[in-house]
Amino acid sequence: MGTQNPSAPPRAQARLTGKNHPDRAHRTTGGLQHDNSPHTTRFTVIGNHLAQHRQLSLLAIGLGVHLQSLPKGAPADIKSLSARFPEGTTRIAAALRELECHGYLRRERHRTPTGCIVSRTVSCNQPATARTHPEPPPRTADRPEPPAAPEVRPQPQPRPQEPCEDRAPQAPREPRGSRKPLPAVPRPECNVPALFRAAADLLADLRRHHSQLLLSAADTAHLTPGVAAWLERDVTPAAVRRALTADLPPEGVRRPAAFLAHRLAAQLPPPAPYREPAAAPPPARPRLPLQNCDGCDRGFRAPRPGRCRDCRSDLQEAP
């Protein structure tokens, strides 16, 4: 008989499958876990369409949840919210614009009985698009929904055209949806979030200077990289605003977004030249403390008490 190997297993081990597999157990126990307890008082129902929104920023989602938890009549302006939270007025204003664009916030203006106009903020627990277009109820198997009757629309009668020899031929109108895309804008070399926020605030503020330059949220998102490229080249926001709003056409701007995109690309300034850092100033000479002369009691500066210069010279000439 040969020598047996003591380290060999007595029999082949079966492969672990199903719930006993270690990788499967790790996948099932990993990730987020919940420790929930039921609320009885002081709670607010928030929909997952807001808490897990794919396009809203985290600040906008948190601000939307906070607004829905406030009671009726609570202050919800930018000044009150900036005093309540550590974020500044610029970030809170941007978050409110996000909620307003996605239908979670409305700003209405009302006239009081005294004649004053006040602004009212309305927080919506459902986006505005879901309210205007509700989903149809599901069909039941026992009672199928009858087919809707086709809508009969009256055909418009053609208007008789009066003969006119001086009438100029009208150009055919472009159908809806055939709008030309916006021109491309330059992009900054560095992706700095603060630079993009400053550019978006500058574009949103253009309507305060010229009412023709009112931009939508999509147009602002398209033009923001172009303004950020200008700011990256050491151009001040006031200079960018003057370059975009100077010499507007007298007949008006038909497409303000396309007009601004063309100016951002055509008038892009060159990069700022490199400047050597300024040399450090020489260290300041330390000032000696003020002493009183032991001979004439006159004030003078010296590292230690004693006599002033005149008293010392008098002592040297006395012998």
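**Close-up views of a predicted model**

**Figure 1. Asp297 is an exposed residue in a loop between two strands.** Asp297 has a relative accessible area of 58% and therefore counts as exposed (over 50%; buried is under 20%, partly exposed is in between, with a 1.4 Å probe and protein chains only). The loop that holds Asp297 runs between strand 3 (290-292) and strand 4 (299-301); helices (H or I, at least four residues) and strands (E, at least two) are DSSP runs numbered from the N terminus. Although Asp297 is not a glycine, its phi is positive, at about 60°. The model is predicted, so that local features need pLDDT of at least 70 and side-chain atom pairs count only at pLDDT 80 or more, whereas totals for chains, interfaces and linings use all residues. Residues are numbered from 1 along each chain as its sequence is written, and side-chain values use heavy atoms, with hydrogens and water left out.

**Figure 2. The protein as a whole combines helices and strands.** Twelve helices and four strands are present. Of the 319 residues, 20% are buried. Contacts (heavy atoms within 4.5 Å) between residues at least 6 apart in sequence join residues at least 24 apart in 51% of cases. The protein exposes about 26,900 Å², and carbon and sulfur atoms supply 53% of this area (Shrake-Rupley method, 1.4 Å probe; for residues, only the protein chains shown count as cover).

**Figure 3. Helix 10 has its buried residues on one side.** Helix 10 spans residues 237-245, and Val240, Leu244 and Thr245 are its buried residues. These three lie on the same side of helix 10 because they cover an arc of only 115° around the axis, the arc being that of the directions from the helix axis to the C-beta atoms. The buried residues of helix 10 pack against helix 7 (193-204), helix 8 (206-209), helix 9 (217-232) and helix 11 (256-266). Asp234 is in the loop between helix 9 and helix 10, and its phi is positive, near 60°, in a residue other than glycine. Asp234 is exposed, at 63% relative accessible area. After helix 10 comes Asp247, with a positive phi near 55°.

**Figure 4. Helix 5 gives the largest share of the lining of the largest pocket.** The volume of this pocket is about 1,300 Å³. Among its 34 lining residues, Ala94, Arg97, Ala200, Ala204 and Thr220 are the closest to the centre. Helix 5 (89-101), helix 7, helix 8 and helix 9 each supply at least two lining residues, with nine coming from helix 5. The lining holds 17 nonpolar, seven polar and ten charged residues. A pocket is an open set of points on a 1 Å grid over the protein atoms alone, where a 1.4 Å probe fits and protein lies on both sides within 12 Å along at least five of seven lines; lining residues have an atom within 4 Å of a point. Grid points are joined across faces, edges and corners, and the volume is the space filled by probe spheres set on them. Ala, Val, Leu, Ile, Met, Phe, Trp, Tyr, Cys and Pro count as nonpolar, Asp, Glu, Lys and Arg as charged, and the others, Gly among them, as polar.

**Figure 5. Helix 9 contains the buried residues Thr220 and Gly226.** Thr220 counts as buried because its relative accessibility is 16%. Beyond its neighbours within four places in sequence, Thr220 is in contact with Ala200, Leu203 and Leu215. Gly226 is buried, with a relative accessible area of 0%. Val185, Pro186 and Leu264 touch Gly226, residues up to four places away in sequence not being counted. Between the C-alpha atoms of Gly226 and Ala199, which are 27 residues apart along the chain, the separation is 8.3 Å.

**Figure 6. Strand 2 gives the largest share of the lining of the second largest pocket.** This pocket holds about 380 Å³ of space. It has 14 lining residues, and Pro71, Lys72, Thr121, Val122 and Ser123 lie nearest its centre. Helix 3 (58-69) and strand 2 (117-123) each contribute at least two residues to the lining, four of them coming from strand 2. By class, seven lining residues are nonpolar, five polar and two charged.

**Figure 7. Arg109 is an exposed residue of strand 1.** Strand 1 comprises residues 105-111. The relative accessible area of Arg109 is 65%. With neighbours within four places in sequence left aside, Arg109 is in contact with Ile117, Val118 and Ser119. Ser119 is ten residues from Arg109 in sequence, and their C-alpha atoms are 4.5 Å apart.
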